[in-house]
Amino acid sequence: MKEEKEFRKDLWEKFTGYRKKVTKIIIRHNCLVGKSKDEIIRLLGKEDNYYDLNEWSYFVKKNIFGGETYLLVHFAGDFVEKQRLFTIYSYKNTPILSI
C-alpha cells in the first residue's frame, strides 16, 4: 500500500475510505504519540470529544456485521500516550460487545 506523504484534513473529514487508509498508517507508525491535544484537534478535528477528558475517539468505519470502529486516543495530561482501534457491536441500540 502506498502511504500518504501529507495528511489531508479535508479528506479525513469527508471520506470514510480515507479515514480507514490513514488510520492504518497512524496505528502502524504511532503517529499521534507525543502530540498535544491542540495538535490532535488541528489534525483530526474535535468531533464529539471533550477537551478535559483523557480519552478521545474518532469514527473510522462501520463493518459488515454492524460494528463501528473508532480510533481511540489516550492522553497522559495534554499529550497522547497511546492510540488504538476499538470496535463496538450493538444489538437494538444496546452495546453488547467491544474489542
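A helix here is a DSSP run of H or I that is at least four residues long, a strand is a run of E with at least two, and the numbering starts at the N terminus. Keep in mind throughout that this is a predicted model.

**View A. A salt bridge within helix H1.** Glu13 and Lys9 pair up in a salt bridge, with 3.9 Å between the closest N and O atoms. The cut-off for a salt bridge is a Lys or Arg side-chain nitrogen within 4 Å of a carboxyl oxygen of Asp or Glu, and the Glu13–Lys9 pair meets it at 3.9 Å. Both residues sit in H1, four residues apart, which is about one turn of the helix. Glu13 is exposed, with a relative accessible area of 51%, while Lys9 is partly exposed at 29%. The structure as a whole holds four salt bridges, and two others, Glu47 with Arg19 and Lys62 with Glu68, get their own views below.

**View B. The buried side of helix H3.** Which residues of H3 are buried? In this helix, which runs over residues 37-44, they are Lys37, Ile40 and Leu44. These residues span an arc of only 55° around the axis, so they end up on the same side of H3. What lies over them? The cover includes helix H1 (9-14) along with strands S1 (55-62), S2 (68-76) and S3 (79-91). Just after the helix comes Gly45, with a positive phi near 90°.

**View C. Lys37, a buried charge without a salt bridge.** Lys37 belongs to H3. This lysine is buried yet makes no salt bridge, and the nearest side chain of opposite charge, that of Asp78, is 4.1 Å away. Why is the pair left out? The salt-bridge cut-off is 4 Å, and the distance to Asp78 is 4.1 Å. As for its surroundings, setting aside residues up to four places away in sequence, Lys37 touches Tyr51, Asp52, Leu53, Asn54, Trp56, Phe75, Gly77 and Asp78.

**View D. Glu39 and Val80.** Glu39 is another residue of H3. Is Glu39 buried or partly exposed? With a relative accessible area of 31%, Glu39 is partly exposed. From Glu39 to Val80 there are 41 residues in sequence, and the C-alpha atoms of the two are 9.9 Å apart in space.

**View E. Glu47 reaches Arg19.** The side chains of Glu47 and Arg19 meet in a salt bridge, 2.5 Å from N to O. Glu47 is in the loop between H3 and S1 and Arg19 is in helix H2, so this pair ties together parts that are 28 residues apart in sequence. The acidic partner, Glu47, is partly exposed at 37% relative accessible area, whereas Arg19 is buried at 9%. The backbone of Glu47 deserves a look too: its phi is positive, near 50°, in a residue other than glycine. For background, most residues other than glycine have a negative phi.

**View F. Asn30, a positive phi in a loop.** Where is Asn30? This residue is in the loop between H2 (16-29) and H3. Asn30 is not a glycine, but its phi is positive, about 50°. Its relative accessibility is 44%, so Asn30 counts as partly exposed.

**View G. The hairpin of S1 and S2.** S1 and S2 pair in the antiparallel sense, over seven bridges. One residue to look for is Trp56, whose bridge partner in S2 is Val73. Five residues come between the two strands of this hairpin, and Gly66 takes a positive phi near 90° there. Lys62 and Glu68 also meet through their side chains, in a salt bridge of 3.5 Å from N to O. Lys62 counts as exposed at 54% relative accessibility, and Glu68 is partly exposed at 23%.

**View H. The hairpin of S2 and S3.** How many bridges join S2 and S3? The two strands pair over nine bridges, in the antiparallel sense. Leu72 is found opposite Arg84 in S3. There are two residues between the strands of this hairpin, and Gly77 in the turn has a positive phi of about 70°. Gly77 also appears among the contacts of Lys37.

Note on methods:
Residues are numbered from 1 along each chain as its sequence is written. This is a predicted model: local features need pLDDT of at least 70, side-chain atom pairs count only at pLDDT 80 or more; totals for chains, interfaces and linings use all residues. Side-chain values use heavy atoms; hydrogens and water are left out. Buried means under 20% relative accessible area, exposed over 50%, partly exposed in between (1.4 Å probe, protein chains only). The arc is that of the directions from the helix axis to the C-beta atoms. Contact means heavy atoms within 4.5 Å. Lys and Arg count as positive and Asp and Glu as negative; His and the chain ends are not counted. Two strands pair if DSSP finds at least two bridges between them.
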